[in-house]
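Student: I'd like to practise reading a structure feature by feature. Can you take me through one, giving the idea before the case?

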Amino acid sequence: MTACNDEHLTAIREGVRALCADFPADYWRRIDEEKGFPDAFVSAMTAAGWLSAMIPEQYGGSGLGLAEASVILEEVNRCGGNSGTIHGQMYNMFTLLRHGSEAQKNHYLPRLASGELRLQSMGVTEPTTGTDTTRIKTTAVRQGDTYVINGQKVWISRVQHSDLMILLARTTPLAEVTKKVDGMSIFLVDLREAIGNGLTVQPIANMVNHETNELFFDNLQIPADSLIGEEGKGFRYILDGLNAERTLIAAECIGDGRWFVEKSAQYARDRVVFGRPIGQNQGVQFPIAEAHIELEAADLMRWQACADYDAGRNAGASANMAKYLAAKASWEAANACLQTHGGFGFACEYDVERKFRETRLYQVAPISTNLILSYVAEHLLELPRSF
Ligand SMILES: Cc1cc2nc3c(=O)[nH]c(=O)nc-3n(C[C@H](O)[C@H](O)[C@H](O)COP(=O)(O)OP(=O)(O)OC[C@H]3O[C@@H](n4cnc5c(N)ncnc54)[C@H](O)[C@@H]3O)c2cc1C
């Protein structure tokens with residue numbers, strides 16, 4: 001298994017930390033208050049090559065594995081930042097890399113690696129079908145040299161800060177396929193051409209400063225060569241990238257959790273009430289200690305998932321369990337941190353409430369905890385399928 005203290009991983013941690021030092025807490029606080037987007041941070045991460053870590057060297061990236069990529073996102077969150085603003089590019093790139101044609105890879109990957117283009121968005125979720133993805137209603141109909149897209153998506157993130165988006169749409173009606181997972185296809189949509197020409201973007205105000213949107217497709221025409229891989233196999237392609245996505249999210253949660261534990265311990269040492277540091281009270285110590293233990297345990301499963309994925313083994317079990325454990329541990333750490341800070345936990349200048357909101361998201365998106373439990377029950381424990 002990849003060890004978390006391998007020398008090259010330590011070097012990555014140090015490199016990312018050095019970059020993050022230029023984007024301290026007040027940077028993220030200001031962006032959060034303004035409901036802005038951290039463009040300068042994203043550009044700096046791109047220029048330093050961190051966002052192209054997993055793009056093979058032949059296309060201008062560093063050709064690193066999932067373990068290394070996970071450390072990059074973990075460190076951003078551990079330094080107090082929000083890697084929800086950059087992770088899309090890391091995992092959307094997989095779909096293109098694994099299933100794109102040679103022409104698509106040659107055209108897009110070097111431009112993604114150089115930062116000329118951003119592939120930050122993936123459009124899957126729809127308002128009327130939610131988690132039941134095989135029932136999506138957005139359609140793509142082939143007409144000569146184009147596909148015509150109609151339908152609606154919801155919660156599609158970073159569309160306003162991305163040039164490209166991977167879109168899942170039905171190319172064969174559900175009633176005409178034998179298996180419900182068949183008949184869906186994925187497309188690489190050029191947002192710069194689509195927005196205003198059949199695609200309307202409606203931002204969704206939400207609890208986190210996460211740029212996310214409703215999308216309306218009204219006869220959007222895209223070139224037929226936007227199709228990735230074979231028509232009808234898109235759902236399988238999307239699933240293929242999910243184990244990597246879940247492992248990366250687990251690492252982000254570990255980064256958040258460590259930030260909460262360090263922040264809690266520091267405050268508990270410094271804050272004096274009743275003539276002694278609050279951290280001298282076991283009632284204050286224990287939730288912090290518990291959060292630390294649970295994070296360390298979740299981290300072991302994250303390394304298992306990285307090792308499985310990077311060795312080419314099926315990472316379904318370890319990636320799902322890592323995401324579950326890490327999202328739960330970071331949320332418990334957030335809760336302990338807020339409680340340790342008492343009233344000051346609610347003051348924006350301490351950053352706890354911001355990170356508290358940010359880490360809560362990971363129990364819902366990109367996959368909700370219930371769906372992971374369902375995967376474990378049905379795929380690992382062979383319980384009857386519920387849907
Ligand atoms: C900030 C944010 C950003 C997002 N970004 C993206 C994005 O970029 N691209 C994208 O495609 N999607 C995105 N999503 C969507 C996200 O993946 C979904 O919100 C999530 O998968 C849940 O779907 P839903 O909201 O429709 O919930 P629903 O499917 O309506 O489910 C609601 C609740 O019921 C539970 N539930 C539903 N069915 C079952 C069942 N059979 N058994 C047990 N429990 C069940 C779910 O676990 C959930 O807790 C984002 C969401 C948010 C909040």
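Tutor: Sure. Let's start with burial: a residue is called buried under 20% relative accessible area, exposed over 50%, and partly exposed in between. Keep in mind that this is a predicted model.

Student: Then how does C79 count, with its 31% relative accessibility?

Tutor: At 31%, C79 falls between the two cut-offs, so it counts as partly exposed. Set it beside C253, which has a relative accessible area of 0% and is therefore buried.

Student: While we're on cysteines, how many disulfides are there?

Tutor: The general idea is a distance test: two cysteine sulfur atoms must lie within 2.5 Å. By that test the count is 0. For C79, the nearest cysteine sulfur belongs to C20 and is 4.3 Å away, so the pair misses the cut-off. For C253, the nearest cysteine sulfur is that of C306, 13 Å away.

Student: Now the ligand. Which residues come nearest to it?

Tutor: Here a residue belongs to the surroundings if one of its heavy atoms lies within 4 Å. There are 18 residues around the ligand, and T125, T131, W155, S157 and S368 come nearest.

Student: Which polar atoms of the protein should I look at around the ligand's nitrogen and oxygen atoms?

Tutor: The idea is to look for N or O pairs within 3.5 Å. Try these three:
- An N or O atom in the side chain of T125 is 2.7 Å from a nitrogen atom of the ligand.
- W155 uses its backbone: a polar atom there is 2.8 Å from a ligand nitrogen.
- S368 places a polar side-chain atom 2.5 Å from an oxygen atom of the ligand.

Student: How much of the ligand does the protein bury?

Tutor: You compare the ligand on its own with the ligand in place. Alone, the ligand exposes 970 Å², and the protein buries 64% of that.

Student: Which elements give two or more residues to the shell?

Tutor: Those are strand 3 (146-157) and helix 12 (369-380). Strand 3 provides the largest share, with 3 residues.

Student: And what is the shell like by residue class?

Tutor: Sorted by class, the shell has 10 nonpolar and 8 polar residues, and no charged ones.

Student: Why is the ligand said to lie between domain 2 and domain 3?

Tutor: Ask which domains contribute to the shell. Domain 2 (121-231) and domain 3 (236-381) both give residues to it, so the ligand lies between them.

Student: S157 was among the nearest residues. Which side chain makes a polar contact with the side chain of S157?

Tutor: That's H210, at 3.0 Å. H210 sits in the loop between strand 6 (199-203) and strand 7 (212-223). Its relative accessibility is 15%, so H210 counts as buried.

Student: Where would I find a side chain reaching a backbone atom?

Tutor: Go to N92 in helix 5 (residues 87-99). The N92 side chain reaches the backbone oxygen of L119 at 3.5 Å. N92 is buried, at 1% relative accessible area, and L119 counts as buried too, at 0%. L119 lies in the loop between helix 6 (102-114) and strand 1 (121-123).

Student: What about comparing distance along the chain with distance in space?

Tutor: Take C-alpha to C-alpha distances and set them against the sequence separation. L119 and L188 are 69 residues apart along the chain, with 9.2 Å between their C-alpha atoms. For Q202 and D351, the separation is 149 residues in sequence and 28 Å in space. Q202 lies in strand 6 and is partly exposed, at 41%.

Student: Last topic: the backbone. Which residues have a positive phi without being glycine?

Tutor: Two to look at are N219, with phi near 55°, and D351, with phi near 70°. N219 is found in strand 7 and is partly exposed at 46% relative accessibility. D351 lies in the loop between helix 10 (316-340) and helix 11, and at 3% it counts as buried.

Student: And the peptide bond from A365 to P366: cis or trans?

Tutor: Read omega for that one. The bond is cis, with omega near 0°. P366 lies in the loop between helix 11 (352-360) and helix 12.

Technical notes. Residues numbered from 1 in each chain as written. Predicted model: local features only at pLDDT ≥ 70, side-chain atom pairs only at ≥ 80, totals over all residues. Heavy atoms only, no water. Polar contact = N/O pair within 3.5 Å; in protein donor to acceptor, adjacent residues only side chain to side chain. Areas by Shrake-Rupley, 256 points an atom, 1.4 Å probe, with all protein chains shown as cover. Helix = DSSP H or I, 4+ residues; strand = E, 2+ residues; numbered from the N terminus. Nonpolar A, V, L, I, M, F, W, Y, C, P; charged D, E, K, R; others polar. Domains from an automatic or database assignment. Buried < 20%, exposed > 50% of the residue type's maximum accessible area, 1.4 Å probe, protein only.
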